[in-house]
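Me: Hi! I have a structure open and would like to talk it through with you. Could you help me with it?

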Amino acid sequence: DLVRKRTGEGFDRDGKLAARGKVHEEIVAQMLENPYFRRRPPKSLDREQFARLSLDALSTEDAAAIATAVVAVTIAKAQDHLPKPPASWIVAGGGARNPTLLAMLRKRLPGKVLRADEIGWAVDALEAQAFAYLAVRSLKGLPITFPTTTGAPKPMTGGVLAEP
């Protein structure tokens, strides 16, 4: 959203804007004061949670660097809820094509940080594949959400099949 608003581009291609910017650690720390980060999983965060924190006074490059750093830090903070740090981290989607984000993740995470395609997974199709899997489970009446993962009251299937 930040890059689209400032440049008209859909995203920071190859993390080039963020790579030229400066991460203001005090702003990153301010973002991490959001109550979301103190809650235990299961939890969910809406992207609008951070829309109230203005980066308007900063250059586009610095704002992109801060936003990218927040993503890396929040992924690293997920370790707080794991019994032990993972031996490897697998990055898929647009983030896997962002060398700046990958470098920030490698700096903050223990173990290997790999792109999904490095282990034979589809970088760009992983989310679509997951949704297809969930859709088939729903069609079969099998649960796709559980109290331990999403906080649902019981194992539940999802959605309703809509006929075209």
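Me: Great. Which residue does glutamate 25 meet in a salt bridge?
Reply: Happy to help! The side chain of glutamate 25 pairs with that of arginine 108 in a salt bridge, at 3.8 Å from N to O. Keep in mind that this is a predicted model.

Me: And where do those two sit in the fold?
Reply: Glutamate 25 belongs to helix α3 (residues 25-31) and arginine 108 to helix α5, so the salt bridge ties together parts that are 83 residues apart in sequence.

Me: Is glutamate 25 buried or exposed? And arginine 108?
Reply: In between, for both. Glutamate 25 counts as partly exposed because its relative accessibility is 43%. Arginine 108 is partly exposed too, with a relative accessible area of 23%; the cut-off for buried is under 20%.

Me: How many salt bridges does the structure hold?
Reply: There are seven. One of the others links aspartate 124 with arginine 97, whose closest N and O atoms are 2.5 Å apart.

Me: Which parts does that pair tie together?
Reply: Two loops. Aspartate 124 is in the loop between β2 and α6, while arginine 97 is in the loop between β1 and α5, so parts 27 residues apart in sequence are tied together. Aspartate 124 counts as exposed at 57% relative accessibility, and arginine 97 as partly exposed at 36%.

Me: What about lysine 77, which residue is its salt-bridge partner?
Reply: That would be aspartate 80, with 3.5 Å from N to O between the side chains. Lysine 77 is partly exposed, at 28% relative accessibility, whereas aspartate 80 is exposed, at 52%.

Me: Back to α5. Which of its residues are buried?
Reply: Helix α5 covers residues 99-108, and its buried residues are Thr100, Leu101, Leu102, Met104 and Leu105.

Me: What do they pack against?
Reply: Two helices and two strands: α2 (16-20) and α4 (60-77), plus β1 (88-91) and β2 (112-115).

Me: And what caps the N-terminal end of α5?
Reply: Asparagine 98 does. One of its side-chain oxygens lies 3.0 Å from the backbone nitrogen of threonine 100, which is itself among the buried residues of the helix.

Me: Let's switch to the strands. How do β1 and β2 run, parallel or antiparallel?
Reply: They run parallel, joined by four bridges. If you want a spot to look at, valine 91 stands opposite arginine 115 in β2.

Me: Which side of β1 is covered?
Reply: The face with Trp89 and Val91 is covered, and the face with Ser88 and Ile90 is uncovered.

Me: Where does Ile90 show up on the surface, then?
Reply: Ile90 joins Ile119 and Trp121 in a nonpolar surface patch of about 270 Å². Isoleucine 119 comes from the loop between β2 and α6 (126-139), and at 37% relative accessibility it counts as partly exposed.

Me: Last topic, the start of the chain. Where is leucine 2, and what does it touch?
Reply: Leucine 2 is in helix α1 (residues 2-7). Leaving aside residues up to four places away in sequence, its contacts are Leu55, Ala63 and Ala64. Leucine 2 is also 9.7 Å from aspartate 56, C-alpha to C-alpha, with 54 residues separating the two in sequence.

Me: Why does leucine 2 count as partly exposed?
Reply: Because its relative accessibility is 23%, and buried would need a value under 20%.

Note on methods:
Residues numbered from 1 in each chain as written. Predicted model: local features only at pLDDT ≥ 70, side-chain atom pairs only at ≥ 80, totals over all residues. Heavy atoms only, no water. Buried < 20%, exposed > 50% of the residue type's maximum accessible area, 1.4 Å probe, protein only. Contact = heavy atoms within 4.5 Å. Polar contact = N/O pair within 3.5 Å; in protein donor to acceptor, adjacent residues only side chain to side chain. Patch = residues over 30% accessible without salt bridge, like charges linked within 9 Å, V, L, I, M, F, W, Y side chains within 5 Å. Areas by Shrake-Rupley, 256 points an atom, 1.4 Å probe, with all protein chains shown as cover. Salt bridge = Lys/Arg side-chain N within 4 Å of Asp/Glu carboxyl O. Pairing = 2+ DSSP bridges.
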